[in-house]
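Hi,

Here is the structure I said I'd pass on. Have a look at it first, and then read on for what turned up.

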Amino acid sequence: MRFSGFLQLSINVAVVVASLAATASASVEEGNGNTIYNSKTRRQVSCNVETFANVLPTGAKVEKVEYVSAGSTFGEPLTDLMYPISPTNLPELCAVIISVVSSPVSAYRFGIFLPAEWNGRFLAVGNGGFGGGINWLDMGAGVRYGFAVISTDTGHNSTTADVLWALNQPEMRIDWGYRALHGSVETGKTLVATYYAKPISHSYYSGCSTGGRQGLKELQISPDSFDGVMVGAPAWYTNHLNTWVCKIASYNWPADSRKHIEWESLPPIGAEILRQCDGKDGVTDGIISLPEQCNVNWNDMKCNSNNDASDFAKSTHCMNDEQVESLQHMYQGYVLDSTDEQVMPGYLPGSEDQLYTVLNYSDASPYGLGYVRYFVLNDPLFQASQYNDSILSLAEAMDPGNATADDYNLTAFRDRGGKVLLYHGQADGLVPTTAGGLYYNRTVEATSGGNVTAAREFFRRLEIPGMQHCGMTKVDAPWALGGATQAAALGNDTYSVPGYADAQHDMLLALVDWVENGVPIDQVIATTWKTSTDPSSGVLRQRPICAYPDTAAWDGSGNVDDAASWSCGNNSTNSTNSTGQVAHSAASMSYMNPFSVIVDAFRVLDFI
């Protein structure tokens, strides 16, 4: 299929080159050697339905083509449930929406932004949770770099935690699982080359959470799709992660049981664990930088009125033995009741502020309960209290939608020169940070025989201390480094890291530099501001995020908030978490009862 697709693309490009010969594109060279293609005549003539309709495959049709002038906006604010906020102040571009029939009972859509000043590159951006909708905000960020950008709606229109669309719809699950992205990439590349009448120089991917899973899945099934793949907090272990999220309800509910932890107690619990773990890296800065080395003192977490007890133990948020056990389950991961085998690793110390996403619902998280109801069992009446480990076995056997991205042999991708950058916040309370470790370690074993040095030639991994799911922080940790959805957290007219749009501070630009210039990613400098999502407030902290197995070490004398005071090296002494389990894991984000309205309003930020 890949060879026939390439042949079709070549034919399509040849036809369009001939048809556009009269309006051939002018080109200019940037100072860095990149070519910018910017024919005004082509923009005016080619941004129309006919340009694209002539080269679409069977079953696909043009839904909309619109010329967008510089400074304007484009999106679907009235109909896109997942991404209703449109990017603004866009560069001049041609916006296209394509619909594709994927089976007799399913279809998907995808959008394309084709900038007037194109850098010759292609970028696909991912989605979040179970949501369906074209990710216009991430497309808006991507097009500002100069990429031609695509995003799919994954075959349906829904908010992130709405899974009802999947009930008795196996074809729609397949679209969500992989088919919509794969088809959008293949057809999107044809349309990009058609519009510019020039071949694409390099192809890239950026996505986080479900978007991270999508990127891994695509490079597994189609190693030729991308030259560089950037995946954040990948929810790749779908059949294990989402079943575990359903089982988590049994740890913390019902609400009137002694084991129940209220959501209001999680931040104070996190503050106590921060107190215990902060200094493991030799710097007391309010950030847990080596969570795997933290051994929580559970006695300091239990209610105790003695004078020598910890402040937390004497507070109203102190825990009884049953509550401590509930919390310990979160770090231990999914352990089978019958054998005590760990089949899904757990969260790291420092993730407590975000654990409401899986712990604190009126019953069970929709990311777990919805998956079991509508993907696995086709039973909307199933209750979390009915969960048992046989459902995991069923999910493994079925893998609904073929969504689980668990192919670890990436030799075909590696051998054609592909590069992967996997990043994950260590304070992620939705997709356990150890997810990256599990996938990375298995891939190193399958692709490089366990040789990390050899694997680093094509696969690098970053863990960001204090960063939550896909971005943001509760502890003033540097978190912004050009990751998927991160620009959207800073506004609907931003891209990269404001003020630092270079390969030293932006992972996507670093990935481009690695792919095209052979400069490996040893570190990327993360940034946060005095108001963490307002760059105009001024930089608060910057710090290098080091490629595994290296970690950042302070020089002992410089300003700890200055990246120059830190250096990367092998400063870690082990790779296990506080339970002694090997670091591994995965998922997709969610709503919380107390803040559901707020999260719904900001779901467009895609931190899910």
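Lys64 and Glu66 make a salt bridge, with their closest N and O atoms 3.5 Å apart. Lys64 counts as partly exposed at 34% relative accessibility, and Glu66 is partly exposed too, at 28%. Please keep in mind that this is a predicted model. In total the structure holds 20 salt bridges, so here are a couple of others that I looked at.

Arg416 pairs with Asp224, the closest N and O atoms being 3.3 Å apart. Arg416 sits in the loop between α14 (411–415) and β12 (419–425), while Asp224 is in the loop between α6 and β9 (228–232), so this salt bridge ties together parts that are 192 residues apart in sequence. Arg416 is partly exposed, with a relative accessible area of 33%, and Asp224 is partly exposed with 37%.

Then there is Asp522 with Arg456, where the closest N and O atoms are 3.8 Å apart. Again the pair links distant parts of the chain: Asp522 is in the loop between α18 (507–517) and β14 (523–531), and Arg456 is in the loop between α16 (452–455) and β13, 66 residues apart. The two ends sit in different surroundings as far as solvent goes: Asp522 counts as partly exposed at 41% relative accessibility, whereas Arg456 is buried at 15%. There is also a network, in which salt bridges with shared partners join Glu63, Glu76 and Arg109.

Now the cysteines. The structure holds 5 disulfides. Counting bonded cysteines along the chain, the pattern is 1-2, 3-8, 4-5, 6-7, 9-10. These are the ones I went through:

- Cys208 and Cys470 have their sulfur atoms 2.1 Å apart. The torsion about their S-S bond is about -100°, so this disulfide is left-handed. Cys208 is in strand β8 (residues 202–208) and Cys470 in the loop between β13 and α17 (486–490), which puts the partners 262 residues apart. Cys208 is buried, with a relative accessible area of 2%, and Cys470 is buried with 1%.
- Cys277 is joined to Cys294, S to S 1.7 Å. Cys277 belongs to helix α9 (residues 266–277), Cys294 to the loop between α9 and α10 (321–332), and they are 17 residues apart. Both Cys277 and Cys294 are buried.
- Cys546 and Cys568 have their sulfur atoms 2.0 Å apart, and with -85° about the S-S bond the link is left-handed. Here strand β15 provides Cys546 and strand β17 (residues 566–569) provides Cys568, 22 residues apart. Cys546 is buried at 7% relative accessible area, but Cys568 is partly exposed at 28%.

On to the rings, where the structure holds 27 aromatic pairs. Tyr440 and Phe459 have ring centres 4.9 Å apart and planes at 70°, so they are edge-to-face. Tyr440 is in helix α15 (residues 434–448) and Phe459 in strand β13 (residues 459–464), 19 residues apart. Tyr440 is buried, with a relative accessible area of 0%, and Phe459 also counts as buried at 0%.

Tyr440 has a further partner in Tyr548: their ring centres are 5.6 Å apart and the planes are at 80°, so that pair is edge-to-face as well. Tyr548 lies in the loop between β15 (534–546) and β16 (551–554), so its pairing with Tyr440 in helix α15 ties together parts that are 108 residues apart in sequence. Unlike buried Tyr440, Tyr548 is partly exposed, with a relative accessible area of 24%. Ring pairs link Tyr440, Phe459 and Tyr548 into a cluster with Trp236, Tyr237, Tyr408, Tyr439 and Phe458.

Two arginines lie over ring faces: Arg213 over Trp176, at 4.3 Å from the ring centre, and Arg460 over Trp514, at 5.8 Å.

Arg213 is one of the buried residues of helix α6. How enclosed is that helix? Of its 12 residues, 11 are buried, so the rest of the structure largely encloses it. Its length agrees with expectation too: at 1.5 Å a residue, the 12 residues of α6 (residues 210–221) should span 16 Å, and the end C-alpha atoms are 16 Å apart.

Cheers

Definitions and conventions:
Residues numbered from 1 in each chain as written. Predicted model: local features only at pLDDT ≥ 70, side-chain atom pairs only at ≥ 80, totals over all residues. Heavy atoms only, no water. Phe/Tyr/Trp six-rings, centres within 6.5 Å; stacked < 30°, edge-to-face > 60°. Helix = DSSP H or I, 4+ residues; strand = E, 2+ residues; numbered from the N terminus. Buried < 20%, exposed > 50% of the residue type's maximum accessible area, 1.4 Å probe, protein only. Lys NZ or Arg CZ within 6 Å of the ring centre and 35° of its normal. Expected span 1.5 Å × (residues − 1). Disulfide = S-S within 2.5 Å. Salt bridge = Lys/Arg side-chain N within 4 Å of Asp/Glu carboxyl O.
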